[in-house]
Amino acid sequence: MSNNPNINIFLDPNYKSSFTALNEPFEDLSQSDSSLESNSRSNLQNIVILDFGSQYSELIARRVRELKVYSEVLSHNISVEKLRLLCPQGIILSGGPASVYEKGSPDIDPEIFELGIPILGICYGMQITVLTMGGKVAPIHLGGGEYGKAKLFLDSTDGIFSGLENSLMTWMSHGDSVLTLPDGFQIIAHTARTPIAAIANEEKKIYGVQFHPEVVHSEKGMEILANFVYRIANCKAEWTTGQFLNNSINEVKETVGEGKVLLALSGGVDSSALAFLLNKAIGKQLTCMFIDQGFMRLNEPEKLLQVFREQFKIPVIYVNAKERFLNKVKGITDPEHKRKLIGEEFIRVFEEESTKLGPIAFLAQGTLYPDIIESAGANYDRQKPGEKIAVKIKSHHNVGGLPENMKFKLLEPFRKLFKDEVRRVARELGVPTRITKRHPFPGPGLAIRIIGEITEERLNILRMADYIAREEIDEAGLYDSVWQIFAVLLADIKSVGVMGDKRTYASPIVIRAIKSEDGMTADWAHLPYEVLEKISTRIINEVAGINRVVYDITSKPPGTIEWE
């Protein structure tokens with residue numbers, strides 16, 4: 001657990017596994033929003049991550065998927081009966097912000113430790129294992145905790161430490177430590193400040209580590225996870241893109257039956273890949289609809305319609321709702337309010353337009369796993385009253401912004417996939433490269449990139465600034481080297497400038513360029529100064545109302561990718 005708000009555990013977005021057994025590109029894809037029963041029926045080998053409120057539990061899932069084994073994050077308070085239905089090969093207990101001995105802290109069903117399923121506890125997960133099985137956990141009194149890099153000394157090189165050297169550098173973030181072990185456990189590693197830094201019960205195949213092997217700061221972290229997944233849990237590296245597609249197509253057919261599906265098409269990689277998948281699964285039962293809410297980037301609606309209608313031969317219904325959406329958010333400045341209003345309005349427009357098409361039962365969306373996680377959907381629907389778990393980061397328009405009284409049933413085959421995994425699916429489906437490599441664009445579009453009230457004038461200013469930034473990055477040959485680049489208009493902030501020997505008082509534009517693999521963590525892109533200078537010069541000269549351009553050098557965490 002972490003009691004230090006200034007310590008952030010994060011992954012290097014350029015990090016690739018150093019595990020030498022995996023030399024080819026990862027095909028580490030999740031399946032769709034499968035039920036416990038469907039996992040059981042498919043005999044899918046899987047590792048379950050039980051979440052104790054960590055913002056980084058999904059990163060453990062990613063690491064397991066990089067080992068080509070399916071993984072999924074579930075609530076820590078899942079029942080033993082439901083866990084049995086999943087038939088997991090192994091269970092990983094995540095970290096968390098609470099202390100195990102505090103009132104209201106997340107707990108676990110003790111019977112889980114008697115299932116005979118291999119278990120690995122990480123940080124809080126190790127501590128809850130110890131406490132539940134009869135050991136003792138207490139605060140670290142000397143110095144108040146252990147944060148950051150710490151050298152780990154191995155007392156055993158078996159089990160999860162098989163094949164490793166006697167010491168390695170790890171990443172710690174805890175204010176509590178294990179004092180006494182439960183019966184049957186032994187110490188297998190220690191640090192200078194933490195005498196019990198890793199534990200093992202070889203007979204029960206239950207392990208615990210106080211550090212975080214899932215983060216790049218921990219040396220040999222992937223090897224430790226691989227030892228657990230392969231050696232201890234006996235999983236095989238069999239999870240592939242082909243499996244995901246076959247499972248998803250079959251599940252869509254089974255779920256939809258003879259019903260009709262309306263797809264919310266945006267033109268991005270998520271909805272485009274979903275259009276291809278659904279077209280393959282149900283063909284003419286699919287209707288694609290593009291709602292132009294007026295918050296798109298320059299010329300994107302026209303390009304989208306042309307590509308899908310002429311090249312892909314997938315019919316798309318175009319709905320011009322610009323004025324409607326602009327009126328809906330008039331006078332609104334709170335970002336959460338913006339998202340919710342836009343999300344609800346999307347659904348209302350779809351409902352109204354769908355009545356012209358006859359009965360439609362399903363609304364398909366390209367919702368991804370990060371959308372669910374950041375909207376706290378994976379935790380809050382199972383949270384106990386008074387329980388301390390992860391906080392919501394923001395509501396995504398297609399998650400937290402959905403109204404409760406929808407007429408549609410949601411169809412979201414990608415809701416357990418990360419962005420890079422969707423790109424692999426898209427390539428497998430034959431989606432053109434210009435779409436698979438398209439930079440992510442939020443559903444609410446430019447509406448959440450205007451800090452302040454949204455007006456037509458401000459949208460036009462931002463559109464041009466954003467276009468210039470993306471055009472210059474493309475011209476410099478850097479488009480594929482960044483996760484995305486975009487502009488943010490600080491509409492309610494004015495700065496003094498001098499243009500043509502005259503004093504100006506205008507708004508600044510923020511340029512945000514980041515590198516990432518999945519959008520869950522990100523680092524700011526170190527763009528060449530000459531490229532930044534060209535972007536700045538063009539925006540100030542070509543976009544009226546702007547007299548200052550600044551560059552955002554904040555990583556995620558502590559910031560988010562978007563400003564709102």
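This report looks at one helix, α8, and one strand, β3, in a predicted model.

## Ground rules

Residues are numbered from 1 along each chain as its sequence is written. Because the model is predicted, local features need pLDDT of at least 70 and side-chain atom pairs count only at pLDDT 80 or more, while totals for chains, interfaces and linings use all residues; side-chain values use heavy atoms, with hydrogens and water left out.

Helices (H or I, at least four residues) and strands (E, at least two) are DSSP runs, numbered from the N terminus.

## Helix α8

Let's start with length. Helix α8 covers residues 300-311, and at 1.5 Å a residue (times one less than the number of residues) its 12 residues should span 16 Å, which agrees with the 16 Å between its end C-alpha atoms.

Which residues of α8 are buried (under 20% relative accessible area, with exposed over 50% and partly exposed in between, using a 1.4 Å probe and protein chains only)? They are E300, P301, L304, L305, V307 and F308. Seen down the axis, they fall within an arc of 165° (taken from the directions from the helix axis to the C-beta atoms), so they line one face of α8. Over on the other side, E302, K303 and E310 are exposed.

The buried residues of α8 pack against α7, β13, β14 and α14 (contact means heavy atoms within 4.5 Å).

## Strand β3

Strand β3 (residues 90-93) is covered on both faces: G90 and I92 are buried on one side, I91 and L93 on the other. In a regular strand, side chains alternate between the two faces of the sheet.

β3 pairs (DSSP finds at least two bridges) with β1 in the parallel sense, over 4 bridges. I49 has I92 in β3 as its bridge partner. β3 also runs parallel to β4, joined by 3 bridges, and I91 has I119 in β4 as its bridge partner.
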